[in-house]
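Dear colleague,

I am passing on the structure we spoke about, with the sequence alongside. Please have both open while you read the notes that follow.

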Amino acid sequence: QVQLVESGGGLVQPGGSLRLSCAASGSIFSINAMGWYRQAPGAQRELVATITSGGSTNYADSVKGRFTISRDNAKNTVYLQMNSLKPEDTAVYYCNADASVVGGRWNYWGQGTQVTVSS
């Protein structure tokens with residue numbers, strides 16, 4: 001089993017910054033892609049950003065130029081630096097990992113961390 005533990009959410013004013021972290025633990029052979037998704041009230045979960053084990057990144061158009069995803073492969077940890085935050089960034093942010101473990105390759109989700117952008 002793989003556990004993903006997120007941290008770093010909270011309340012921030014418009015224009016502010018937050019940094020989310022997500023650490024993976026368990027019987028992991030390797031982690032392939034990791035990413036962040038978000039879900040606002042009444043909306044579907046949407047992709048925010050992903051990063052491969054080699055460091056290739058992909059961003060939603062709505063966050064390009066404001067958010068930066070990175071990872072520390074040695075620590076099985078992914079980060080999301082969020083700058084110039086807007087009220088529309090308010091959502092629960094979920095960490096995702098595509099991991100190879102005993103028995104195969106599976107997709108895992110964290111429990112989510114709330115990000116609220118409000119004055």
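C22 is buried in this predicted model, and its relative accessible area comes out at 0%. Buried here stands for a relative accessible area under 20%, so a value of 0% places C22 within that class. C95 is likewise buried, with a relative accessible area of 0%.

These two cysteines belong together, since a disulfide joins C22 to C95 with a sulfur-to-sulfur distance of 2.1 Å, and the structure holds one disulfide. For the chemistry, recall that a disulfide is a covalent bond between the sulfur atoms of two cysteines. Because C22 sits in strand β3 (residues 18-26) and C95 in strand β9 (residues 91-101), the pair ties together parts of the chain that are 73 residues apart in sequence. As for its handedness, the torsion about the S-S bond of C22 and C95 is about -80°, and the disulfide is therefore left-handed.

If you follow β3 sideways from C22, you come to strand β8, with which β3 pairs in the antiparallel sense over six bridges. Within that pairing, the bridge partner of C22 in β8 is V78, while S21 stands opposite Y79 of β8. Strand β8 (residues 77-82) is itself mostly covered, as five of its six residues are buried.

Strand β8 also pairs with strand β7 (residues 67-72), the two running antiparallel and being joined by six bridges. V78 appears again in this pairing, where R71 stands opposite V78; V78 is thus worth finding on your screen, given that V78 is also the bridge partner of C22. The hairpin formed by β7 and β8 has four residues between the strands, and N76 in this hairpin takes a positive phi near 50°.

Put together, these strands belong to an open sheet of four strands in the order β1-β3-β8-β7, with antiparallel pairing. Strands β1 (2-7) and β7 stand at the edges and have a single partner strand each, which means that one side of each is left without a neighbour in the sheet. On average, and with direction ignored, neighbouring strands of this sheet are turned by 15° against each other.

One question may help when you look at the sheet for yourself: which residue of β8 is the bridge partner of the cysteine C22? The residue to look for is V78 in β8.

With best wishes

Note on methods
Residues numbered from 1 in each chain as written. Predicted model: local features only at pLDDT ≥ 70, side-chain atom pairs only at ≥ 80, totals over all residues. Heavy atoms only, no water. Disulfide = S-S within 2.5 Å. Buried < 20%, exposed > 50% of the residue type's maximum accessible area, 1.4 Å probe, protein only. Pairing = 2+ DSSP bridges. Axes fitted to C-alpha atoms, helices over the stretch in contact; angles between N-to-C directions.
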